[in-house]
Amino acid sequence: MIKDLGIYIHIPFCVSKCAYCDFYSFPADGETKRAYIDTLCRQIECKAAEIAEGYRVVSVFFGGGTPSILDAGLLMKALDAVRAGFVLSNDCEITVECNPGTVDAVKLGIYRRNGVNRLSFGLQSADDNELRRLGRIHTFGDFLKSYETARKCGFDNINIDLMSALPGQTKESWLKTLRMAAALRPEHISAYSLIIEEGTPFGDMAAQDAALLQLPDEESERAMYYLTGERLEAAGYGHYEISNYARAGFECRHNIIYWKRGDYIGFGAGASSFMNEKRYAAAKDIKAYIDNPENAFGEPENLTASDSMAEFMFLGLRMLCGVKRSDFRRCFGRQLDNVYGDVINKYAASGHIIDDGENVRLSQAGIDVSNYIFADFV
């Protein structure tokens, strides 16, 4: 049986590291970038020869880092390798993450001619002061220019990434960002709260003295989350995942593969994969990757039945539609209530879970404390 597959391609290069970023990314010279893409193509070719017959690719996602920092021809060389090795569905979603200011009409035109049909712009904020605090390389004006150029080049599926609970951010400035983003009518908006990660400049500041970051308090952060739903849903966006909103038919296919535990393979240094109930994590070491791409996937992590069932619940419950008892039974051969009945009943009684007999999903109150609920399924 042919299975659907998502492909993630990690491009670890960026102009400079943002103050909050803990992804595997760094500046690099042209020679390193070319060597990396050549290695990617070899890795894709080798893996395709091994597994391609069993899969149909429904999503290709170039993430980073900043994929759009590369010469367009160099980036498309990796896409050509995917096409040469795998069968892509006729409606395959092909996404490139872009930083404002790193694309122009020529580059975007090359993307379009090579089949890229979705862009994801990392705006984060419409306030230039907030952008500077984050260490972003662009202004809101830079973003507008890139966005408008993408529209002129024919892109009709664009995501905008936004970030709330930023240093110095207020409910008023967040509302301004939401209004300005929605007014552009992108097909998709991802709206995440800032997470302070260890090992980042923000993490170091927080370890020294959290007050240095001037973060909004918990009540303000929660108010921003409510504003997000209210404003975006009023603007015609369906809230389909805790942090994601889309116009009908434009939900991110690639991310849904993650949330529904579909098979996906990650190419590149630091990329992760999930195939046949096994997880793989490539080492975050570009030199080792370039020297030996065939062994880049790392050793498999074999998930137990309990691991898989827990993932099914806490990933599936991120989606507003929740999980289906019939899907759980099909995947695991067990009744959902025999495994997690006590947890579901506890949160249904408290109003944090809505259970209609077939679907189990989080209520708004449940979304507010989703991490606590997810922990109970582990």
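Colleague: How many residues does helix α8 have, and what does α8 reach from its first C-alpha to its last?

Modeller: Helix α8 covers residues 218-234, so to speak a run of 17 residues, and spans 24 Å from first to last C-alpha, close to the 24 Å expected at 1.5 Å a residue. Keep in mind that this is a predicted model.

Colleague: Noted! Which residues of α8 are buried?

Modeller: They are Met 224, Tyr 225, Leu 227, Thr 228, Gly 229 and Leu 232.

Colleague: And what do the buried residues of α8 pack against?

Modeller: Both strands and helices. The strands are β5 (158-164), β6 (188-193), β7 (238-241) and β8 (244-246), and the helices are α6 (171-183) and α14 (364-368).

Colleague: What about the residue Gly 236 that follows α8, is its phi positive or negative?

Modeller: Positive, near 100°.

Colleague: Let's switch to charges. How many salt bridges does the structure hold?

Modeller: There are 16 salt bridges. One of them joins the side chains of Glu 241 and Arg 318, at 2.5 Å from N to O. That pair links distant parts of the chain, 77 residues apart: Glu 241 belongs to strand β7, while Arg 318 is in the loop between α11 (305-316) and β13 (323-324).

Colleague: Is Glu 241 buried or exposed?

Modeller: Glu 241 counts as buried, because its relative accessibility is 0%. Its partner Arg 318 is partly exposed, at 22% relative accessibility.

Colleague: Nice. Which residue does Arg 279 meet in a salt bridge?

Modeller: Arg 279 meets Glu 311, side chain to side chain, at 2.6 Å from N to O. Here too the pair links distant parts of the chain, with Arg 279 in strand β11 (residues 278-281) and Glu 311 in helix α11, 32 residues apart.

Colleague: Are Arg 279 and Glu 311 buried or exposed?

Modeller: Arg 279 is buried, with a relative accessible area of 19%, under the 20% cut-off. Glu 311 is buried as well, at 11% relative accessibility.

Colleague: How about Lys 287 and Asp 291, where do they lie?

Modeller: Both are in helix α10 (residues 286-291), 4 residues apart, which is about one turn of the helix. Their side chains form a salt bridge at 3.0 Å, N to O. Lys 287 counts as exposed, at 58% relative accessibility, and Asp 291 is exposed too, at 54%.

Colleague: Which residues do salt bridges that share partners join into one network?

Modeller: That network is made of Arg 261, Glu 277, Arg 279 and Glu 311.

Colleague: Changing topic: in what order do the 3 strands of the open sheet come?

Modeller: The order is β13-β15-β14, with antiparallel pairing. β13 and β14 (353-355) are at the edges with a single partner strand each, so one side of each has no neighbour in the sheet.

Colleague: How many bridges join β14 to β15?

Modeller: 3 bridges join β14 to β15 (residues 359-362), and the two run antiparallel. Asp 355 stands opposite Val 360 in β15.

Colleague: Last one, how many disulfides does the count come to?

Modeller: The count is 0 disulfides. For Cys 14, the nearest cysteine sulfur is that of Cys 21, 6.8 Å away, whereas a disulfide needs the sulfurs within 2.5 Å. Cys 14 is buried, with a relative accessible area of 8%.

Colleague: And what is the nearest cysteine sulfur to Cys 41?

Modeller: That of Cys 46, at 11 Å, and Cys 41 is in no disulfide. Cys 41 is also buried, with a relative accessible area of 15%.

Terms used. Residues numbered from 1 in each chain as written. Predicted model: local features only at pLDDT ≥ 70, side-chain atom pairs only at ≥ 80, totals over all residues. Heavy atoms only, no water. Buried < 20%, exposed > 50% of the residue type's maximum accessible area, 1.4 Å probe, protein only. Expected span 1.5 Å × (residues − 1). Contact = heavy atoms within 4.5 Å. Salt bridge = Lys/Arg side-chain N within 4 Å of Asp/Glu carboxyl O. Pairing = 2+ DSSP bridges.
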